[in-house]
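Reader: I would like a close look at one part of this protein. Please start with a single strand and work outward from there.

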Amino acid sequence: MGFPNSLAQIPPLVLLFPLCLAALALTAENTGRAVAGSVCVFLLGGLLATYWLVYPLVNFGRVPFPLAFIFVILLGCFLSIYHVSFALLLRFFASRLPPVLVLLAGGLSWGALELARGWLFTGVTWHCLSSAMIAWPLLAQGASLAGMFGLSSLYALIALTSLPVVLRRHWPGRAPCRLELLGPPAVGVLLFAALLFYGAGRLLEENQGPPVILAQVQGNIDQSQKWNPDRQAETVRHYISLSEKVLTMAENSFGRQADLLVWPETAMPFFFQPGQRLNALLSELALHRRIPLLFGAPGQGEGVDPESYNRVWLLDEAGRYAGHYDKEHLVPFGEYIPRGLYVPFASEFLQGWGFSPGRDQRPLRQGSLSLGLLICYESIFPELAQARVASGANLLVNVSNDAWFADSPAPWQHLQLAAMRAVEQGRYMLRSTNTGASALITPTGRINDAGPLFKDYHSAHQAWLQEEKTFFHRNYAEITGLTACAPLLFIIATLLRPEKDKRSAQPHKG
């Protein structure tokens, strides 16, 4: 319920998740029960939050529903490794450290495990604790100081500070005195209040930098028909028609023409090559309207056996080629098959394509615009947005295609993860998708004019080009290193301390 879902999103409810895991871990009779309980709790919450993974397996991978459901459960069991690690670390800390240090070590361990999940095995940062808070931007501004993973550490710590009250006499060791019972919750309240105070101040900051008008189109092309050669001309005409409408709307709304027109990831389902009739139509649109056009279309390298790329192209206001960006972080089994692995349904997802990763992170420049590109899945990784801004991006652009996940919470969850990049980097982000949810995201994570799912949509926005860098951006290496290494310091300290008497370390039974 803390993440986008079909009922109602209440972000602070995510704090119950680390609290419940910790309570289970510290009151379990043995390690085996702690592990089993952690897996069950994660699966119960995880399956409800990511049930939509069944849709692409069934609809596009042609996997029978029972097998698709089993696959999602197995994936959940794999991801539960990180939450089992959290439970085991808490039990380890509780065996030797004072209660207050157990809470601190537990909170820091949560953020470190989220960071590890974002790096290991190609990385999965979905459902990070702090990313839920973007729905209430006041609660998410701490990401500009500590990043998504650091903010998750803080929120996990806030949740854990209520453990002495929740467990009371079930706390491992002797029953806590009044100070130990009320002290940690008071610290948690103060820490939460500090995050609110900082968030309120940041939300009041005024826009700075030169204003720009941004136009975007959501074509709503059926994924099952997208790569049909007979539909290519129709797709181009559809995007041009919607573009004419949104550019006219921008002129009427803002009194001048837009500075940039953006189409989604692989909006054009064919290789963009000079001289071809369909490609010429795109150049004619940019020239006729005197506007730079940014759009997704597959690209190829050079040579006898050229590699293919998931590419975003930029045409200048004269319709000429002005640069491109190739997706750097590809989706395993969705855009490529890892070496040595064979998954039968992966070829259905690839739909005849197999992409190679790009190697150039530099922004695409057009006039005053310096565009930091994030294609689809890349928007969930903090290090990629960090690299774009470090290279000079004053505007982030996320083009995506979430048509795979049907009318489910997945596109909204993806949108909120993308919004965390805007907060971390202090940049506006224009998000243009094929079937939704398209939107403009402010540097404080506010999501403006989010388009509907699976409908044609076009919109024009005013944004401001930002040059100032956030505290998180300026100290990215130090903050990331501290988030990753802090639990190691507690592990070392725990190993150096003598273990508590085993009789007193057992949970009290009432």
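How do strand E1 and strand E12 pair, and over how many bridges?

Author: The model is a predicted one. E1 covers residues 211–218 and E12 covers residues 457–464. The two strands pair in the antiparallel sense, over 8 bridges. One pair helps you find the place: Leu214 stands opposite His461 in E12.

E1 has another partner, strand E2, at residues 260–262. Here the pairing is parallel, over 3 bridges. Look for Ala215 in this case; its bridge partner in E2 is Leu261. Between E1 and E2 the chain passes through helix H9, residues 232–254. This β-α-β crossover is right-handed.

Is E1 buried or exposed? Of its 8 residues, 7 are buried, so E1 is largely enclosed by the rest of the structure.

Now widen the view to the whole sheet. It is an open sheet of 6 strands, in the order E5-E4-E3-E2-E1-E12, and its pairing is mixed. Strand E5 (321–326) and E12 are the edge strands, each pairing on one side only. On average, neighbouring strands are turned by 30° against each other, with direction ignored. Towards the E5 edge, strand E4 (residues 308–315) pairs with E5 in the antiparallel sense over 5 bridges. Val312 marks the spot: Tyr325 in E5 is its bridge partner. Helix H10, residues 277–289, packs on this sheet. H10 touches E2, strand E3 (293–300) and E4, and its direction makes about 160° with that of E3.

There is also an open sheet with the order E6-E7-E8-E9-E10-E11. It has 6 strands and mixed pairing. Strand E6 (364–366) and strand E11 (447–448) stand at its edges. Each has a single partner strand, so one side of each is left without a neighbour in the sheet. For E11, 2 bridges join it to strand E10 (residues 439–441), and the two run antiparallel. Leu440 has Asn448 in E11 as its bridge partner.

Helix H13 (residues 410–425) packs on this sheet. H13 touches E8, strand E9 (429–433), E10 and E11, and its direction makes about 155° with that of E9. Helix H12 lies across strand E7 (369–375) and strand E8 (395–400), running at about 165° to E7.

One residue of H13 deserves a stop: Gln425. Its relative accessible area is 0%, so Gln425 counts as buried. Beyond its neighbours within four places in sequence, Gln425 is in contact with Pro382, Ala385, Gln386, Val389, Thr470, Phe472 and His473.

Finish with helix H15, residues 476–496. H15 has 21 residues and reaches 31 Å from its first C-alpha to its last, close to the 30 Å expected. The helix has a kink of about 35° at Cys485, shortly before the proline Pro487. Pro487 is one of the buried residues of H15, along with Tyr476, Ile479, Thr483, Ala486, Phe490 and Thr494. These buried residues pack against several helices, among them H12 (382–390) and H14 (471–474). Helix H4 (65–94), helix H5 (99–119) and helix H6 (143–160) are on that list too.

Key
Residues are numbered from 1 along each chain as its sequence is written. This is a predicted model: local features need pLDDT of at least 70, side-chain atom pairs count only at pLDDT 80 or more; totals for chains, interfaces and linings use all residues. Side-chain values use heavy atoms; hydrogens and water are left out. Helices (H or I, at least four residues) and strands (E, at least two) are DSSP runs, numbered from the N terminus. The expected span of a helix is 1.5 Å times one less than its number of residues. The bend at a residue is the angle between axes fitted to the seven residues ending there and the seven starting there. Buried means under 20% relative accessible area, exposed over 50%, partly exposed in between (1.4 Å probe, protein chains only). Contact means heavy atoms within 4.5 Å. Two strands pair if DSSP finds at least two bridges between them. Axes are lines fitted to C-alpha atoms, for helices over the stretch in contact, and angles run from 0 to 180 degrees between N-to-C directions. A crossover is right-handed if, with the strands pointing away from the viewer, the path from the first strand over the helix to the second runs clockwise.
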